Amino acid sequence: MTILTALLQGTKLLEDDSISAPRLTAEVLLTHALQRERSYLYAHPEEELSETAWIHYGRYLHERLNGKPTQYITGRQEFYGRDFRVTSDVLIPRPETEHLVEAALTRIQPRDVVVDVGTGSGAIAITLALETGAHIFASDISTAALSAARTNAQQLSAHVEMFACDLADALSGGSINVLVSNPPYVPKTDHPSLQREVRDYEPHVALFAGPSGLELYERLIAEAARVLRPHGWLLLELGYNSLDPVRAMLEQGWTDIDVIADLAGFPRVIAARLNTKE
């Protein structure tokens, strides 16, 4: 079995099962089995696969056909130009979340104290640490997620202080300049309609917020009002149809409200400044 034949066969299997991006997925899984870069596939199409590589590739294809996300098979996902390790304990970082990072970068000053609430893989906190001179902290209710985040911080040489707590419960009042979060925002009633890759494999604690999907926004906004310093910034990633209710939650006590759309034109991030006196 040559590399080219394996690639073509894998693509056909994925295509027949209506897996999205079948060719790219087959390339990623084959390079993972070979422990090579994708360019190697096209530089050595006639190379024979070793028995070990073939066994691994077959297993990876089987897992993907059963719905397991490619990122959980390879244990990798790129975010903001960096390679992050992902496990089944963390939400897979999405490109849309880079808009949250961009919005935060324009508001963070070099000596600010910044907290990423619900850090998961650490993608947001680590990116902010590497892109700014701020003091970055990260929290998560899941100790398993924090373990994955710490591994990423070590591998990417990012200084992020991490701690376990429920949202911002562990923070003292008026202690930080910027709070950023991509919170769980999927209503529990949406569980049956989610893609199987999401529903069956991604951690529910990072997905579901409650019956309406707005429960954690309410808690986070209240917590932010407590822990932010005067005129501190709150930045939240928005879920589907959550803009209007979240903006309504910010009508009292917040100013400079800004909504950032993603590349598809959907509202993706909301930023607001705490409206308090010095």
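Buried here means under 20% relative accessible area. I'm keeping that cut-off at the top of the page, since Tyr217 comes in at 0% and is therefore buried. Note to self: this is a predicted model.

**Entry 1: aromatic pairs**

I started with the rings and got three aromatic pairs in the structure. In one of them, Trp54 and Tyr57 have ring centres 6.1 Å apart and planes at 55°, so I logged that pair as tilted. Both residues belong to helix α4 (residues 51–65), where they are three residues apart, which puts about one helical turn between them. Their surroundings are worth writing down too: Trp54 is partly exposed at 36% relative accessibility, whereas Tyr57 is buried at 1%.

Next I pulled up Tyr185 and Tyr217. Their centres are 6.4 Å apart and their planes make an angle of 5°, so this pair is stacked. Where do the two sit along the chain? Tyr185 is in the loop between β6 (176–181) and β7 (186–187), and Tyr217 is in helix α10 (residues 215–227), so to speak a link between distant parts of the chain, 32 residues apart. Tyr185 has a relative accessible area of 24% and is partly exposed; Tyr217 is the buried partner at 0%.

**Entry 2: charges over rings**

I then looked for arginines sitting on rings. The charged end of Arg36 is over the ring of Tyr40, 4.2 Å from the ring centre. I also found Arg107 over the face of Trp233, at 4.7 Å from the centre of that ring.

**Entry 3: salt bridges**

The count came to 17 salt bridges. I went through a few of them.

Arg94 bridges to Glu202, with the closest N and O atoms 2.6 Å apart. Arg94 is in the loop between β2 (82–85) and α6 (98–105), and Glu202 is in the loop between α9 (196–199) and β8 (208–210), so the pair ties together parts that are 108 residues apart in sequence. I checked exposure on both sides: Arg94 is partly exposed at 29%, and Glu202 is buried at 4%.

Arg199 and Asp200 meet in a salt bridge as well, at 3.0 Å from N to O. Asp200 is partly exposed, with a relative accessible area of 48%.

For Arg273 and Asp256 I have 3.7 Å between the closest N and O atoms. This pair links strand β11 (residues 267–274), which holds Arg273, to strand β10 (residues 254–261), which holds Asp256; the two residues are 17 apart. Both are partly exposed, Arg273 at 27% and Asp256 at 41%.

Which residues end up in one network through shared partners? I got Arg23, Glu27 and Arg38, joined by their salt bridges.

**Entry 4: helix α7**

I wanted to know how covered this helix is. Helix α7 spans residues 123–131, and seven of its nine residues are buried. The buried ones are Ala123, Ile124, Ala125, Ile126, Thr127, Leu128 and Ala129.

**Entry 5: second largest pocket**

Last stop was the second largest pocket, with about 180 Å³ of space in it. I listed its lining as Leu238, Gly239, Tyr240, Asn241, Ser242 and Leu243, plus Phe266, Pro267 and Arg268. How do those residues divide by type? I get five nonpolar, three polar and one charged.

Methods:
Residues are numbered from 1 along each chain as its sequence is written. This is a predicted model: local features need pLDDT of at least 70, side-chain atom pairs count only at pLDDT 80 or more; totals for chains, interfaces and linings use all residues. Side-chain values use heavy atoms; hydrogens and water are left out. On a 1 Å grid over the protein atoms alone, a cavity is a set of points where a 1.4 Å probe fits but cannot get out, and a pocket is an open set with protein on both sides within 12 Å along at least five of seven lines; lining residues have an atom within 4 Å of a point. Grid points are joined across faces, edges and corners, and a volume is the space filled by probe spheres set on the points. Ala, Val, Leu, Ile, Met, Phe, Trp, Tyr, Cys and Pro count as nonpolar, Asp, Glu, Lys and Arg as charged, and the others, Gly among them, as polar. Buried means under 20% relative accessible area, exposed over 50%, partly exposed in between (1.4 Å probe, protein chains only). Helices (H or I, at least four residues) and strands (E, at least two) are DSSP runs, numbered from the N terminus. Rings of Phe, Tyr and Trp (its six-membered ring) pair if their centres lie within 6.5 Å; planes under 30 degrees apart count as stacked, over 60 as edge-to-face and the rest as tilted. A charge sits over a ring if NZ of Lys or CZ of Arg is within 6 Å of the ring centre and within 35 degrees of the ring normal. A salt bridge is a side-chain nitrogen of Lys or Arg within 4 Å of a carboxyl oxygen of Asp or Glu.
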